[in-house]
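Hi,

Here is the structure I promised to hand over. Have a look at it first, and then read on for what I found.

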Amino acid sequence: MALPTGAALSRPRALAPRVRFAVELLFVAALGALHTLAYVHTELWGLPLACLAALAWRASLAGPRRAAVLGLLFGTAWLVAGTWWLFISMHRYGGLPAWMAVLAVLGLSACLSLYLAAALAAFARWRSAHAGRNALLFGALWLLAELARGVIFTGFPWVASGYAQLDGPLAALAPWIGVYGIGFVAAALAAWAALALAHAAHRWVGVAVAALVLGALALTSPASFTRPTGTLTVTLLQGNIPQEEKFATEHQAAALEWHVGALLAARTDLVIAPETAVPFLPQQMPPEFWPELKSHFSGGATHALFGVPLGDEDAGYTNSAVGFAPGRDTEYRYDKHHLVPFGEFIPFGFKWFTRMMNIPLGDFNRGALNAPSFAVKGERVAPNICYEDLFGEELAARFSEAAQAPTMFANISNIGWFGDTIAIGQHLQISRARALEFQRPMLRATNTGATVVIDHRGQVTHGLRAHTRGVLEAAVQGRDGLTPFAWWASRYSLLPLLVFAVAVLALLRKRPVVAPHAP
């Protein structure tokens with residue numbers, strides 16, 4: 001029997017690094033996917049911390065190129081697992097071929113993960129031999145990556161890491177530093193715990209620091225920066241109109257009849273109907289419809305706020321909310337400011353893509369950033385439409401004048417585009433985060449869910465079951481006063497966080513010192 005040659009014996013050895021690298025890639029992809037669970041199941045807030053710790057550990061053993069690959073893979077898996085429901089809107093309702101919708105979700109996720117890839121490459125290049133310093137460096141780069149994803153090209157900060165901590169100790173930091181700041185603290189603590197374990201002399205220092213910070217926040221009562229104002233009784237409508245029927249001519253009359261009937265039947269101080277509850281432009285309605293609806297509320301005791309498209313072909317269209325109030329002949333109007341790419345405006349060079357999808361009214365005009373609130377019995381109700389509440393720094397612009405700042409938020413949405421998926425639960429957590437940051441209640445009137453009342457502590461106090469038709473009544477207490485986040489974000493937007501991250505990098509950046517690479 002012939003003995004193996006030297007070349008044959010060397011093949012398994014040559015393959016071993018590739019196998020280990022493939023296993024590492026699968027491991028990091030699994031970390032990214034697992035990272036998304038706590039965005040709906042917020043009681044699992046410790047899981048993202050563990051995933052971040054493991055990612056920091058692997059990046060600390062990699063060179064810049066490999067670290068970039070790890071960041072790209074982690075981020076892509078994270079975003080695909082967190083936003084896979086975009087496939088439903090593009091394929092089921094937009095009519096895009098399934099293969100193209102899959103590629104669109106993968107492509108979007110990969111492109112948005114380039115920021116994290118660059119961050120981990122920089123971490124691998126600039127890390128030192130000191131675990132605490134590396135942890136702060138990791139946290140600052142993580143913060144920059146999340147800021148880039150949340151701002152560049154209008155931003156898409158869905159499943160930003162801070163949202164996974166809403167039921168954990170770090171939630172107490174929301175009124176101070178917002179969701180992005182929480183993401184920085186989470187990343188730095190997780191990295192410190194993981195990286196310190198690699199140092200024999202100070203093995204448990206990072207773990208002790210993380211446990212001390214989390215324990216102190218858990219045992220300390222959250223700071224209160226706001227005070228109660230008045231109490232409103234509210235009615236929130238959930239029509240549960242299937243998306244395939246939403247703009248279908250044969251179904252629109254029945255949907256409109258239910259919403260209008262529920263609006264007229266409300267006896268509370270305020271009734272709110274979802275985004276495009278009235279799916280027609282006013283000029284498309286019978287001539288008597290709009291005046292009669294306005295007359296009902298101007299002559300009654302209830303205020304009404306509901307979603308409706310406005311505009312014409314010459315002036316352009318807006319995705320809007322209209323408010324009617326007792327004793328007022330003029331109507332309140334709010335036009336959505338932050339529009340959804342492809343759904344509400346067409347990015348440059350992508351008209352070919354939107355032509356392939358059957359999405360009505362796909363190119364809206366933007367409304368004002370600092371829009372006035374809707375006055376309801378002394379309370380200032382600030383509307384936001386659909387995923388506008390994802391951008392806390394933009395809602396903060398309404399707090400620039402404390403005397404006119406909102407006392408409560410009202411989000412009107414239609415998440416029916418994404419079916420019966422985790423998008424509903426994720427959007428609920430986004431609204432909870434805004435309530436925590438500003439210490440304001442959030443009223444949510446949605447088509448398919450989640451229609452709820454969230455108090456100023458970020459807790460859901462009343463709610464309807466998703467994908468059911470219903471009417472929710474509740475009493476809600478407004479709040480006045482500014483949180484630190486509201487104060488600095490209303491003046492400087494996200495600039496303080498950007499300056500902080502850059503300052504940390506300037507202080508900590510240095511060439512690597514005896515930093516081993518994984519084989």
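Is lysine 377 buried, partly exposed or exposed? Lysine 377 counts as exposed, at 53% relative accessibility (buried means under 20% relative accessible area, exposed over 50%, partly exposed in between, with a 1.4 Å probe and protein chains only).

Before the rest, a word on the ground rules. This is a predicted model, in which local features need pLDDT of at least 70 and side-chain atom pairs count only at pLDDT 80 or more, while totals for chains, interfaces and linings use all residues. Residues are numbered from 1 along each chain as its sequence is written, and side-chain values use heavy atoms, with hydrogens and water left out.

**Salt bridges**

Back to lysine 377: its side chain meets that of aspartate 269 in a salt bridge, at 2.8 Å from N to O (a salt bridge is a side-chain nitrogen of Lys or Arg within 4 Å of a carboxyl oxygen of Asp or Glu). Lysine 377 sits in the loop between strand S6 (374–376) and strand S7 (379–385), and aspartate 269 in the loop between H11 and S2, so the pair ties together parts that are 108 residues apart in sequence. Helices (H or I, at least four residues) and strands (E, at least two) are DSSP runs, numbered from the N terminus. Aspartate 269 is buried, with a relative accessible area of 13%.

The count by this rule comes to 10 salt bridges. Another of them joins the side chains of arginine 227 and aspartate 480, at 3.7 Å from N to O. This pair links distant parts of the chain, with arginine 227 in strand S1, aspartate 480 in strand S12, and the two positions 253 residues apart. Arginine 227 counts as partly exposed at 47% relative accessibility, and aspartate 480 also counts as partly exposed, at 21%.

Arginine 333 forms a salt bridge with aspartate 335, where the closest N and O atoms are 2.8 Å apart. Here arginine 333 is partly exposed, with a relative accessible area of 43%, whereas aspartate 335 counts as buried at 17%. Glu24, Arg58 and Arg66 are joined into one network by salt bridges that share partners.

**Two sheets**

One open sheet has 6 strands in the order S5-S4-S3-S2-S1-S12, with mixed pairing (two strands pair if DSSP finds at least two bridges between them). Its edge strands are S5 (332–335) and S12 (470–480), each of which pairs on one side only. On average, neighbouring strands of this sheet are turned by 35 degrees against each other, direction ignored; axes are lines fitted to C-alpha atoms, for helices over the stretch in contact, and angles run from 0 to 180 degrees between N-to-C directions. S1 (residues 227–238) and S2 (residues 270–272) run parallel and are joined by 3 bridges, with leucine 236 opposite isoleucine 272 in S2. Helix H11 (residues 249–265) packs on the sheet, where it touches S1, S2, S3 (303–312) and S12, and its direction makes about 145 degrees with that of S1 (contact means heavy atoms within 4.5 Å).

The other open sheet also has mixed pairing, and its 6 strands follow the order S6-S7-S8-S9-S10-S11. S6 and S11 (460–463) are the edge strands, each pairing on one side only. Its neighbouring strands are turned by 25 degrees against each other on average, direction ignored. S7 and S8 (residues 408–413) pair in the parallel sense over 5 bridges, and isoleucine 385 stands opposite isoleucine 412 in S8.

**Helix H16 and its surroundings**

Helix H16 (residues 484–492) has Pro484, Phe485, Ala486, Trp488, Ala489 and Ser490 as its buried residues. Their cover includes helices H8 (174–196), H14 (392–395), H15 (423–438) and H17 (495–508). Tyrosine 492 lies in H16 and is partly exposed, with a relative accessible area of 45%. After H16 comes serine 493, whose phi is positive, near 55 degrees.

**One buried histidine**

Histidine 35 lies in the loop between helix H1 (6–34) and helix H2 (46–60). Histidine 35 is buried, with a relative accessible area of 0%. Not counting residues up to four places away in sequence, histidine 35 touches Pro48, Cys51, Leu52, Phe74, Trp78, Trp142 and Ser161.

Happy to talk any of this through.

Best wishes
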